[in-house]
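Got the viewer open and a cartoon on screen? Let's walk through this one stop at a time, with something to select at each.

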Amino acid sequence: MGSETQVHLTIGGEPAVAVFRERISARPGETLFVEPDVAKLNLFDAETGRSLET
């Protein structure tokens, strides 16, 4: 995706997408251990697609 990498993953059995601004060397199917910066999370309502204020 150009300057960022989008990773589709599951967290607690729920689908999620993580965006990395730096290059990562992960391959499809590989397990990644991530620790999100909660101050930078963007959450959306699954039904409406609207952003949830955090």
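Start by selecting residues 5-11 and 14-20: these are strands β1 and β2, and they pair in the antiparallel sense over seven bridges. Strands here are DSSP runs of E with at least two residues, helices are runs of H or I with at least four, and both are numbered from the N terminus. Two strands pair if DSSP finds at least two bridges between them. Before going further, keep in mind that this is a predicted model, where local features need pLDDT of at least 70 and side-chain atom pairs count only at pLDDT 80 or more, while totals for chains, interfaces and linings use all residues. Residues are numbered from 1 along each chain as its sequence is written, and side-chain values use heavy atoms, with hydrogens and water left out.

Now move to the turn. β1 and β2 make a hairpin with two residues between them, and Gly12 in that turn has a positive phi of about 60°. Select Thr10 next, and look across to β2 for its bridge partner, Pro15. Then go to Thr5, whose bridge partner in β2 is Phe20.

Stay on β2 and pick Val17, which sits in that strand. Is Val17 buried or exposed? Neither: with a relative accessible area of 48%, Val17 is partly exposed. (Buried means under 20% relative accessible area, exposed over 50%, and partly exposed in between, using a 1.4 Å probe and protein chains only.) Show what surrounds Val17: leaving out residues up to four places away in sequence, Val17 touches Gln6, Val7 and His8. Contact means heavy atoms within 4.5 Å. For a distance to draw, try Val17 to Asp37: they are 20 residues apart in sequence and 14 Å apart in space, C-alpha to C-alpha.

Next, turn on side chains for Arg21 and Glu4. They meet in a salt bridge, at 2.3 Å from N to O. Why is this pair worth a stop? Arg21 lies in the loop between β2 and β3 (43-44) and Glu4 in the segment before β1, so the pair ties together parts that are 17 residues apart in sequence. The rule asks for a side-chain nitrogen of Lys or Arg within 4 Å of a carboxyl oxygen of Asp or Glu, and by this rule the count comes to one salt bridge. Colour by accessibility and you'll find Arg21 exposed at 61%, whereas Glu4 is partly exposed at 22%.

Keep Glu4 selected and expand around it. Setting aside neighbours within four places in sequence, Glu4 is in contact with Val19, Phe20 and Arg21. Draw one more line, from Glu4 to Ile24: their C-alpha atoms, 20 residues apart along the chain, are separated by 9.6 Å.

Finally, zoom out and select the whole chain. It has zero helices and four strands, giving the pattern β-β-β-β along the sequence. The C-alpha trace spans about 35 × 25 × 20 Å along its principal axes. Of the 54 residues, 6% count as buried. Among contacts between residues at least 6 apart in sequence, 3% join residues at least 24 apart. Switch on the surface last: the accessible area comes to about 5,300 Å², of which 52% belongs to carbon and sulfur atoms, by the Shrake-Rupley method with a 1.4 Å probe.
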